[in-house]
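Grab a coffee and open the viewer: here is a short set of exercises to work through with the model on screen. Try each task yourself before reading its solution.

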Amino acid sequence: QEVLPAGSSSLALAFEGAEWVNANGDQLTFWRWDNGGMSILGNANATNFITIAFDDPLVQWTYPLSFGDLYEDSFSIQDTLFSLPYSLEGFAESEVDAHGSLLLPTGDAIPEVLRVRYEQVYTEAYDGDTAIWTLNQSIYHAPDSLLGVFFQEALTVTDAEGNLLVEA
């Protein structure tokens, strides 16, 4: 994953006010700092030139992080993609629930970290199909880093009837 200035992507114009883009392969997330929080403005696919700019951006957490902090936010979009209606509505919650030291798989140690438990659930509807995405992450933040230094995640996607479509 790379963190780059938003202007380094030709798709940045679809995300007004974006300062940064996280690039994970061809998947892009555009964001900015708002009142001490990381505000996600939307996502894009660089290969297919698809942009999904949130009508209501998602604030994932706010700084400074402190043990015991709890933050909740919702996000949504109503749009048209390839002449078909598209909607996404979701909710996220982050809680700083632990602190201590972290030993990375590389053998490097970080003496002071905060663990943020993050859950994001959203319903996505497009062309008659509905999918429910659930992302659970444990993100470890160090005092000298704006983004997490290590994270673990689990993703599940089900259809409207609850049938499992993806698990990673």
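**Exercise 1. Find the bridge partner of aspartate 79 in strand 7, then describe how strand 6 and strand 7 are joined.**

Solution. This is a predicted model, so treat every value below as computed from it.

- Step 1: Aspartate 79 has tyrosine 86 as its bridge partner in strand 7.
- Step 2: Zoom out to the pair of strands. Strand 6 and strand 7 run antiparallel, with twelve bridges joining them.
- Step 3: Now look at the hairpin these two make. Two residues sit between the strands, and phenylalanine 82 takes a positive phi near 50° there.

**Exercise 2. Which residue in strand 8 pairs with alanine 92, and how many bridges link strand 7 to strand 8?**

Solution.

- Step 1: The bridge partner of alanine 92 is glutamine 120, in strand 8.
- Step 2: Counting along the pair gives 16 bridges between strand 7 and strand 8, in the antiparallel sense.
- Step 3: Check the turn. The hairpin has five residues between the strands, and glycine 107 in the turn shows a positive phi of about 100°.
- Step 4: Keep glutamine 120 in mind, as it comes back in the pocket exercise: it is among the residues closest to the centre of the largest pocket.

**Exercise 3. Work out which residues have the most contacts inside the largest nonpolar core, and which strands supply that core.**

Solution.

- Step 1: The largest nonpolar core holds 20 residues, and Phe54, Leu58 and Leu88 have the most contacts inside it.
- Step 2: Two or more residues come from each of strand 4, strand 5 (50–62), strand 6 (70–81), strand 7 (84–103) and strand 8 (109–126).
- Step 3: A second core, of eleven residues, lies apart from this one; Leu11, Val21, Ala23 and Phe30 are among its members.
- Step 4: Go back to phenylalanine 54 and list its contacts, skipping neighbours within four places in sequence: Ile40, Leu41, Gly42, Asn43, Phe75, Ser76, Ile77 and Leu88.

**Exercise 4. Is serine 39 buried or exposed, and what does its side chain meet?**

Solution.

- Step 1: Place it. Serine 39 belongs to strand 4 (residues 37–45).
- Step 2: The relative accessible area of serine 39 is 2%, and the cut-off for buried is under 20%, so serine 39 is buried.
- Step 3: Its side chain makes a polar contact of 3.3 Å with the side chain of aspartate 34.
- Step 4: Beyond four places in sequence, serine 39 is in contact with Phe30, Trp31, Arg32, Asp34, Pro57, Leu58 and Val59.

**Exercise 5. Do the same for serine 9: buried or exposed?**

Solution.

- Step 1: Serine 9 is in the loop between strand 1 (2–5) and strand 2 (20–24).
- Step 2: With a relative accessible area of 15%, serine 9 falls under the 20% cut-off and therefore counts as buried.
- Step 3: The serine 9 side chain reaches the backbone nitrogen of leucine 11 at 3.1 Å.
- Step 4: Leaving out neighbours within four places in sequence, serine 9 is in contact with Leu28 and Phe30.

**Exercise 6. Classify leucine 146 by accessibility and find what it touches.**

Solution.

- Step 1: Leucine 146 sits in the loop between strand 9 and strand 10.
- Step 2: Exposed needs over 50%; leucine 146 has 52% relative accessibility, so it counts as exposed.
- Step 3: Not counting residues up to four places away in sequence, leucine 146 touches Trp33, Tyr63 and His141.
- Step 4: Leucine 146 and methionine 38 are 108 residues apart in sequence, yet their C-alpha atoms are 9.3 Å apart in space.

**Exercise 7. Which strand gives the most to the lining of the largest pocket?**

Solution.

- Step 1: The largest pocket has about 1,400 Å³ of space.
- Step 2: It is lined by 41 residues, and the closest to its centre are Thr29, Asn43, Gln120, Tyr122 and Leu135.
- Step 3: Strand 9 (residues 129–141) gives the most to this lining, with seven residues.

Notes:
Residues numbered from 1 in each chain as written. Predicted model: local features only at pLDDT ≥ 70, side-chain atom pairs only at ≥ 80, totals over all residues. Heavy atoms only, no water. Helix = DSSP H or I, 4+ residues; strand = E, 2+ residues; numbered from the N terminus. Buried < 20%, exposed > 50% of the residue type's maximum accessible area, 1.4 Å probe, protein only. Polar contact = N/O pair within 3.5 Å; in protein donor to acceptor, adjacent residues only side chain to side chain. Contact = heavy atoms within 4.5 Å. Core = buried A, V, L, I, M, F, W, Y, C linked by side-chain atoms within 4.5 Å. 1 Å grid on protein atoms, 1.4 Å probe; cavity = no way out; pocket = protein on both sides within 12 Å on 5 of 7 lines; lining within 4 Å. Points joined across faces, edges and corners; volume = space filled by probe spheres on them. Pairing = 2+ DSSP bridges.
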